[in-house]
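Colleague: I am new to this protein. Could you show me its model and take a close look at one part, explaining your terms as you go?

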Amino acid sequence: MYGYYRVAAAVNKTTVANPQKNAEEILSLIQEAQEKEVSVVVFPELTLTGYTASDLFLNQTLLAAQNGSLEYILNNIKSVDTIVILGIALLEADRLYNCAAVIQNGEILGLIPKSYLPNNKEFYEKRQFVSGRDIVRTTTELLGKEVPFGVDLLFTDKKEMTFGVEICEDLWAVTPPSNHMASNGANLLFNLSASNELIGKHEYREELVRTQSARCMAAYVYASAGVGESTTDTVYGGHALIAEYGATIAENERFSLENSLITADVDLERLRWLRINESSYSDGRRKKTRVITLGALPQISELQKEITPAPFVPSAYADKKERCDEIVHIQAHGLIKRMRHARIEKALIGISGGLDSTLALLSTHRAFEMMGWESRNIVAVTMPGFGTTSRTKSNAVKLCEALGVTLKEVDITEISRKEFEAIEHDPEELSVTYENVQARARTSILMNMANKEGGLVVGTGDLSEIALGWSTYNGDHMSMYALNSGIPKTLIKYVIEYYKSNEAIAEIIDDILDTPISPELLPHRDDEIVQETESIVGPYELHDFFLYHFIKYGAKPSKIRFLALKAFDIKYDEETVTKWLKVFLKRFFTQQFKRSCMPDGPKVGTISLSPRADWKMPSDADMQAWIDELE
Ligand SMILES: Nc1ncnc2c1ncn2[C@@H]1O[C@H](COP(=O)(O)OP(=O)(O)OC[C@H]2O[C@@H]([n+]3cccc(C(=O)O)c3)[C@H](O)[C@@H]2O)[C@@H](O)[C@H]1O
Ligand SMILES: Nc1ncnc2c1ncn2[C@@H]1O[C@H](COP(=O)(O)OP(=O)(O)OP(=O)(O)O)[C@@H](O)[C@H]1O
Ligand SMILES: NC(=O)CC[C@H](N)C(=O)O
């Protein structure tokens, strides 16, 4: 489903050295995985015998019993299309290997031996096993059949999934085998483990799994042995984890006395597209691998994953103060460097009482505070026009007064009328010309005033407006430094809200947040805003969602729509999402010419549309393929 696969980590109740008893527990977990539409389920290391069988591995009876129980499992899962990864001891060329067996529909598709055998303190695996790194044969015989065998095996469904398997200590090694598997195309990694519990060890283990998923740009599924393993010298807590590209997305309760199975839906298509954007992934060394094709996999009937409707906004768990401080510091630092370099001591901002100019003013003020520069060297200019309402104007004035910046007022109505006359535009015709004359008049005033004052014009346009081209070319689109260019509208709101902690401006901020978003370029009606941006271009929360998935994951429009419907639930229906998504695509494509010559400005989050850095796109590209894909 749209590149999503359900994966699972299972921890079975173990009876050490009793493979048949273990087989029954394993079978019940396989059945659960199949019922839950899981594509691949991984079990702990040496699943059938138990990891802690120790020197009993050197006894023929245990191995024979294990193989008998393995055959029993295979016979019982002939109609199970879920891939099952079990740990077994394998006798090959008179050596014992600690292996993972990859099974589908009762067939063993491949055997992967462990490379790194821990052999210190509580671990003494080299007493019984040898490393599989240097094996010569590429197949081995098991239960009367030739099976692919080696550390070079990968498995693919020839769609989005390619997976590799490693075993416990392999992940702890300096160069885990999963590094090479990932470099060779595995976007899903499994680990069969037996990792004992020591104080704090689970945190380290979680970090290892999480960071390996980040480094490999993959999903990593980890299952460690638990209840029933021998407690002779150590205790196994049955830790199971699923991480995806640096985030732990599922984790079980350790020390369970029962079987446990965790699942997560991972977006393997997303990972592939993230990789093509990462030069150090592409530069990863490729090795010879053997890729085994899997049979058809279970399909997910409903995605079980929360999709955040506000991907740019930090989660509720994030420390708001810390995040906002970081954002404002990035902005302030960007501006300080530029002003110092140009030996400019004044900043000019057109201040409208809207969200964007409010944040630009607050961040500029923070920069001046950091440098010990005087607030009055910030020149805030209010430029009322035909659409300016007393609400926005008075909020702008009150904010400037509270911050102690220099406030200037230049009415643009007369200037605009003169321009209409000069270009022979009928002022009754409320067209785009009518709007843009005002926006350009403001920019012209700011730029000219900047020359007069010896200042720099701080741009206010945000990332969402830049994506949509919702600005007037060479009007508010232009400035000397575009301070908000890396911040989308949904995040602008979040940061401004944080400033409510400053009591002196809390009330003003509340009202600014409450005011409908508007360019106020069309005449107001009885001092009420008539031009509401979101009813013209669509809700910013949708556009920010579209932008995030479009740029970050190169997602297809149909997938973006699917995710938006899931994220916003009943708030928007399919027709509404499709309508605004088409608006997004059309504007995004047609408005690139505005981005191609946008001013410098700081990148704040993972997405920026700077034509010099993050986003290089022709201004005359055709959008039809994207629109058609939605049909
Ligand atoms: N690919 C391309 N390469 C080069 N030039 C291209 C072009 N496509 C159009 N053009 C030209 O660009 C011009 C159109 O662009 P432009 O002049 O900017 O005008 P346009 O984008 O049509 O209008 C600006 C829009 O932004 C809105 N706005 C303005 C200011 C502030 C805010 C706000 O809320 O923040 C919103 C305003 O309401 C209006 O709807 C036309 O002259 C057209 O010929
Ligand atoms: N009445 C005004 N006085 C001074 N500057 C203005 C005025 N109206 C618009 N501007 C300038 O033009 C910019 C673009 O206008 P726009 O309406 O997009 O921004 P905003 O009002 O700050 O924020 P938002 O778009 O979130 O409402 C403003 O940020 C501001 O710098
Ligand atoms: N079974 C293993 O390979 C365990 C080794 C690993 N370093 C651990 O302690 O978890």
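**From a ligand shell to a buried strand**

Modeller: Let's start at ligand 3, which is surrounded by Glu45, Pro118, Phe123, Cys168, Glu169, Trp172, Ser193, Ala194 and Ser195 (a residue is near a molecule or strand if its C-beta atom, placed from the backbone, lies within 6 Å of it). This is a predicted model, where local features need pLDDT of at least 70 and side-chain atom pairs count only at pLDDT 80 or more, while totals for chains, interfaces and linings use all residues. Residues are numbered from 1 along each chain as its sequence is written, and chains are lettered from A and ligands numbered from 1 in the order in which they are written.

The shell of ligand 3 holds five nonpolar, two polar and two charged residues (Ala, Val, Leu, Ile, Met, Phe, Trp, Tyr, Cys and Pro count as nonpolar, Asp, Glu, Lys and Arg as charged, and the others, Gly among them, as polar).

Now to the close look, at strand β19, residues 455-459 (strands are DSSP runs of E, at least two residues, numbered from the N terminus). Five of its five residues are buried, so β19 is largely enclosed by the rest of the structure (buried means that 20 or more other C-beta atoms lie within 10 Å of a residue's own, with C-beta atoms placed from the backbone). In a regular strand, side chains alternate between the two faces of the sheet. One side of β19 has buried Gly455, Val457 and Gly459, and the other has buried Leu456 and Val458.

What does β19 pair with? Strand β16 (residues 346-350) runs parallel to β19, joined by three bridges (pairing takes at least two DSSP bridges), and Lys346 has Gly455 as its bridge partner. Strand β20 (residues 481-482) is also parallel to β19, with two bridges, and Gly459 is partnered there by Ala482.

Terms used: Buried ≥ 20, exposed ≤ 12 C-beta atoms within 10 Å, placed from the backbone. Helix = DSSP H or I, 4+ residues; strand = E, 2+ residues; numbered from the N terminus.
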